[in-house]
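Hi,

Here is the structure I said I would pass on. Have a look at it first, and my notes follow below.

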Amino acid sequence: MKKFFELVELRTKVASVIPFFIGTVYAVFRFQEFHVYNFGLMFLSLLSFDMATTAINNYYDYHKAVKTKGYGYEVHNAIVKHKMQPSRVLSLIIALLLIAIGAGIMLVIQSGLLVLLLGGLSFAVGILYSFGPIPISRMPLGEIFSGLFMGFVIIFVSTYIHVGDALASLTLQGGVVSLNVQLLEVVLIFLISTPAILCIANIMLANNICDMDEDIENKRYTLPIYIGKSNALLLFKLMYYASYADLIVLYFLGVNPLILLLVLCTVIPVHKNVMRFAEQPTKRLTFSLAVKNFVLSNVARIVALGIAVLLM
């Protein structure tokens, strides 16, 4: 189990699980809707697919690595560290994908074609993120794709499976596809998702900043390599502060309840972590601070919104 958890990097699954819970609590708060069966199916599909894509990423890096000594390669790639058989890793990836697809199909049956469209698109991006001639993770687009799909799409779908047509509907009848969108509600969900989008993008950005030397050796041309380390660190800081500005905007729009402003208190430890990372951006010492910032600010939002639900 220890090898499995390292291969799928279980500790990083908070980046998909936390947005899932944000969308769920938001559905209860704004629409007073919750469907436990849909909740369970999406959780199983989401977690299985997230683990599969991480395993694919490690599998792909194992086969494509040019520099196999130094930079901690022997430690941070679980396949190398534990001398795993690539064929067994591939079998495990296929099993996780089958679980994710099976639960996803059941969710589509329960919730409709829009889940199929968004889920299928998410599956495609998840696979292309780590696999193919030029994976997204090896391009300067990783932060955008990870932020939007793990931040916005997960929150949107985890809200939609509870409220359905109150957000949008996709129907196929007589060869005609019809999409109806409650535009205001979708825009509000995007604004609700903005802190998660930015913090998840920052996890990827921090990872790429730490790996700049190794990525150059292995021909991975990520965003920090294009814009330089100083600009990447500046962007890293600004995205956190923008996520807090979003909370204030949502309060004045009447979407966030007053209690959510308590989340602003987390800006103090988040700022300290940002400064520590900027001083010494390394995988071993400070990368985990980006994950901690994401968990701290977004779990605080879940708790505050949960309290607001109880006070309704």
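A definition to start with: buried means under 20% relative accessible area, exposed means over 50%, and partly exposed is whatever falls in between (1.4 Å probe, protein chains only). Keep in mind that this is a predicted model, where local features need pLDDT of at least 70 and side-chain atom pairs count only at pLDDT 80 or more, while totals for chains, interfaces and linings use all residues. Residues are numbered from 1 along each chain as its sequence is written, and side-chain values use heavy atoms, with hydrogens and water left out.

By that rule Ile 307 is partly exposed, because its relative accessibility is 36%. Ile 307 sits in helix α14 (residues 288–310); helices here are DSSP runs (H or I, at least four residues), numbered from the N terminus. The C-alpha atoms of Ile 307 and Asn 256 are 12 Å apart, with their positions 51 residues apart along the chain.

Now the inside. A nonpolar core is a set of buried Ala, Val, Leu, Ile, Met, Phe, Trp, Tyr and Cys residues joined through side-chain atoms within 4.5 Å. The largest one has 74 residues, and Tyr 26, Phe 156 and Phe 236 have the most contacts inside it. Helix α9 (residues 183–210) gives the most to this core, with 16 residues. Another core, of 14 residues, lies apart from it and includes Val 8, Tyr 59, Met 84 and Ile 93.

Helix α9 also holds Asn 207, which counts as buried because its relative accessibility is 16%. Leaving aside neighbours within four places in sequence, Asn 207 is in contact (heavy atoms within 4.5 Å) with Lys 283 and Phe 287. With the same neighbours left out, Phe 236 touches Asn 202, Leu 205, Ala 206, Val 274, Phe 277 and Ala 290.

On to the rings. Rings of Phe, Tyr and Trp (its six-membered ring) pair if their centres lie within 6.5 Å; planes under 30 degrees apart are stacked, over 60 edge-to-face, and the rest tilted. That gives 15 aromatic pairs. In one of them, Phe 152 and Phe 156 have ring centres 6.0 Å apart and planes at 45°, so the pair is tilted. These two are 4 residues apart in helix α8 (residues 142–163), so about one helical turn separates them. Phe 152 is buried at 18% relative accessible area, and Phe 156 is buried at 8%.

Phe 236 and Phe 277 are also tilted, because their planes are at 35°, with ring centres 4.8 Å apart. Phe 236 is in helix α12 (residues 229–252) and Phe 277 in helix α13 (residues 267–279), so the pair ties together parts 41 residues apart in sequence. Both are buried: Phe 236 has 1% relative accessibility, and Phe 277 has a relative accessible area of 0%. Elsewhere, Phe 20, Phe 21, Phe 34, Phe 39 and Phe 43 form one aromatic cluster.

One backbone oddity to check: Gln 32 has a positive phi of about 55°, although it is not a glycine. Most residues other than glycine have a negative phi. Gln 32 lies in the loop between α2 (14–31) and α3 (36–64) and is exposed, with a relative accessible area of 51%.

Cheers
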